Amino acid sequence: MILLNTFGINRTTALELAKETSVCMLGFKRDFIDKYGVNLSNKLISELVGKIFEVQCERVLTKRLGYEVRKEKRDKEPDLFFTRINKPLEVKLTSTTSAWTGGEFSKRPFDYLLVSWGGNFDEFFMALVHLEKKNWKSNFESNFYGPSYSAAKLYERKDKIVLLGSFEKTPRGTVKIVREKI
């Protein structure tokens with residue numbers, strides 16, 4: 001179970017992370033995508049949002065917490081590492097409102113910061129949760145590499161900490177995340 005104070009990330013900090021990421025992405029969109037008419041896939045844009053988000057996490061969390069929080073330097077390192085408490089935090093981003101995709105062959109359990117972004121880079125959902133390999137639904141048999149973790153599964157978790165956004169049950173009974181306009 002994750003405790004809010006384990007990582008020191010609260011709603012105020014999550015809002016700052018979202019706003020700083022939004023400012024950077026809007027600048028990138030204006031100076032690159034719009035200016036040059038470049039078409040990027042949602043997957044690539046999500047990768048960019050993720051890298052920018054990690055940079056903002058390193059900067060903002062180090063400042064707010066008063067000790068170094070490092071972002072990954074290599075793929076085999078955790079996305080974020082909290083030096084004072086000696087704990088890693090993985091960040092998973094999605095542009096959907098239904099699920100996150102992970103790494104099929106990741107063997108370690110992690111605490112996760114699950115993020116969904118949307119709108120004009122001005123809508124975010126964020127939640128902290130601890131996930132084990134068994135929590136991820138493998139899609140390998142259907143020829144899709146990444147396992148998924150659904151919004152419905154997150155909704156059911158009693159130990160999650162929702163920092164931004166909420167959940168909505170659709171008329172069909174499915175659960176989707178609702179991003180918060182920042």
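Let me begin with Phe125, which is buried, with a relative accessible area of 0%. I should say at once that this is a predicted model, and that the mean pLDDT of the chain is 88, with 90% of its residues reaching 70 or more. Among the elements of the chain, the lowest mean pLDDT, 70, belongs to helix α1, residues 4–7, while the highest, 97, belongs to strand β11, residues 180–181.

Back to Phe125, then, and to its aromatic partners. A search of the whole structure turns up 8 aromatic pairs, and one of them is formed by Phe125 and Phe167, in an edge-to-face arrangement with 5.5 Å from centre to centre and 70° between the planes. Because Phe125 lies in strand β6 and Phe167 in strand β9, this pair ties together parts that are 42 residues apart in sequence. Both residues also belong to one aromatic cluster, together with Trp100 and Tyr155, and over the ring of Tyr155 sits the charged end of Lys160, 6.0 Å from the ring centre.

Let me follow Phe167 into the hairpin. Strand β9, residues 166–169, runs antiparallel to β10 and is joined to it by 4 bridges, with Phe167 standing opposite Ile177 in β10. Between the two strands there are 5 residues, and in this hairpin Gly173 takes a positive phi near 90°. Which residues of β10 point to the buried face? Along this strand, residues 175–178, the side chains alternate, so to speak, in two pairs: Val175 and Ile177 point to one face and are buried, whereas Lys176 and Val178 point to the other and are not buried.

Now to the nonpolar cores. The largest has 31 residues, and those with the most contacts inside it are Phe53, Phe82, Leu113 and Met126. Two or more residues each are given to this core by α2 (11–36), α3 (42–65), β2 (80–82), β3 (87–94), β5 (110–118), β6 (123–131) and β8 (161–164), and the largest share, 7 residues, comes from α3. As for Phe53, leaving aside residues up to four places away in sequence, its contacts are Leu17, Thr21, Val91, Leu93, Leu113, Val115 and Met126. There is also a second, separate core of 15 residues, which includes Trp100, Phe125, Phe167 and Ile177.

That returns us to our starting residue: Phe125, buried at 0% relative accessible area, is a member of the second core and the edge-to-face partner of Phe167.

Terms used:
Residues numbered from 1 in each chain as written. Predicted model: local features only at pLDDT ≥ 70, side-chain atom pairs only at ≥ 80, totals over all residues. Heavy atoms only, no water. Core = buried A, V, L, I, M, F, W, Y, C linked by side-chain atoms within 4.5 Å. Buried < 20%, exposed > 50% of the residue type's maximum accessible area, 1.4 Å probe, protein only. Contact = heavy atoms within 4.5 Å. Pairing = 2+ DSSP bridges. Phe/Tyr/Trp six-rings, centres within 6.5 Å; stacked < 30°, edge-to-face > 60°. Lys NZ or Arg CZ within 6 Å of the ring centre and 35° of its normal. pLDDT = per-residue confidence, 0-100.
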